[in-house]
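Visitor: I would like to understand how the labels attached to a model follow from its values. Could you take me through the reasoning step by step?

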Amino acid sequence: MANLPNPWRERSLANPFREFGRHQERIDRLLNELMELRSGTLGEDMSLMPSSELVEEEKNYLLKVDLPGIKKEDVKVEVEGERLTIRAERRSEKEEKSKKRYFSEISYGSCMRSFALPQSIDEKKVDAKFENGVLSVTIPKTTESKSKQISVH
C-alpha cells in the first residue's frame, strides 16, 4: 500500500468514526445555539408570545392578553376591518457594570398578535384597558350580531 498514490492511501486509512465526530460537533453547536435562544442569552432577538383568551358575552367580546413586565405606553391596539392587532414591547434593562447576571429566563423584545373578528362588531366603540400586566379589550357587537334561533323544518 505504500506504493499507492497519496489520495488512495488517505481513503484506505480513513477512520469512519472521524466523520461521526464532525457530525457530532455540528449537532453540539446547533443544540448550544438552541439552548441560548431558549434561555434568552442571545439578547433581544427573542420574540414574546403572550397568552390570550377571548370570551363572548351577551353584548360584546372580551379579549384578555397577558403582558407581564410591559409598560402601558409600550402597548398598541389597532382595529382594521375584521382584524384586531396588538403590538407590545418589553425592553431589557441596561446592565450596570457592577452587576453580574448569572442567567436570565425572561424574554425581551417585541410581539404582535392579530385576531380575526366577527363581521358584526362596532369598530368605533372598541375599548382597551391595561391593568396589572393584563390587557383587556372590549369589542362591542352590533345589533345584527345577536344570535337568533333558527327552527329546523
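Guide: What follows goes through the elements, the sheets and a few individual residues of this predicted model.

Visitor: What makes up the protein, and in which order do its elements run?

Guide: The protein has two helices and seven strands, and from the N terminus on they run α-α-β-β-β-β-β-β-β. Of its 153 residues, 24% count as buried, and among the contacts with a separation of 6 or more, 52% join residues that are 24 or more positions apart.

Visitor: Why are S1 and S6 called edge strands?

Guide: The open sheet in question consists of four strands in the order S1-S2-S7-S6, with antiparallel pairing. Strand S1 (52-56) and strand S6 (127-131) each pair on one side only, and they are therefore the edge strands. The twist in this sheet averages 15° from one strand to the next.

Visitor: How do you know that S1 and S2 are paired?

Guide: Two strands pair if there are at least two bridges between them; S1 and strand S2 (residues 60-66) share five bridges in the antiparallel sense, so they count as paired. Within this pairing, Leu54 has Leu63 in S2 as its bridge partner.

Visitor: Which strands form the other open sheet, the one with three strands?

Guide: Its order is S3-S4-S5, again an open sheet with antiparallel pairing, and its edge strands are strand S3 (75-80) and strand S5 (109-116). Strand S4 (residues 83-90) is joined to S5 by eight antiparallel bridges, and because at least two are required, the two strands pair. Leu84 stands opposite Phe115 in S5.

Visitor: What makes the approach of Glu56 to Lys141 a polar contact?

Guide: The side chains of Glu56 and Lys141 come to 2.7 Å, and the cut-off for such a pair of N or O atoms is 3.5 Å, so the term applies. Glu56 itself lies in strand S1, and, leaving aside neighbours within four places in sequence, Glu56 is in contact with Tyr61 and Lys141. The C-alpha atoms of Glu56 and Ile139 are 9.4 Å apart, although 83 residues separate them along the chain.

Visitor: How do you know that Lys141 lies over the face of Tyr61?

Guide: Lys141 is placed at 5.2 Å from the ring centre of Tyr61, and the distance limit is 6 Å, so that part of the test is met. The test also requires a position within 35 degrees of the ring normal, and Lys141 is listed as lying over the face of the ring.

Visitor: How many aromatic pairs does a search of the whole structure find?

Guide: The search finds zero aromatic pairs; for a pair, the ring centres would have to lie within 6.5 Å.

Visitor: Why is Asp74 called buried?

Guide: Its relative accessible area is 14%, and because buried means under 20%, Asp74 qualifies. Asp74 is found in the loop between S2 and S3, and, apart from neighbours within four places in sequence, Asp74 is in contact with Arg87, Ala88, Glu89 and Arg91.

Visitor: Is Asn132 buried or exposed, and what is its phi?

Guide: Asn132 has a relative accessibility of 74%, and because exposed means over 50%, Asn132 counts as exposed. Asn132 lies in the loop between S6 and strand S7 (134-140), and has a positive phi of about 55° although it is not a glycine. Most residues other than glycine have a negative phi.

Technical notes: Residues numbered from 1 in each chain as written. Predicted model: local features only at pLDDT ≥ 70, side-chain atom pairs only at ≥ 80, totals over all residues. Heavy atoms only, no water. Phe/Tyr/Trp six-rings, centres within 6.5 Å; stacked < 30°, edge-to-face > 60°. Axes fitted to C-alpha atoms, helices over the stretch in contact; angles between N-to-C directions. Contact = heavy atoms within 4.5 Å. Polar contact = N/O pair within 3.5 Å; in protein donor to acceptor, adjacent residues only side chain to side chain. Buried < 20%, exposed > 50% of the residue type's maximum accessible area, 1.4 Å probe, protein only.
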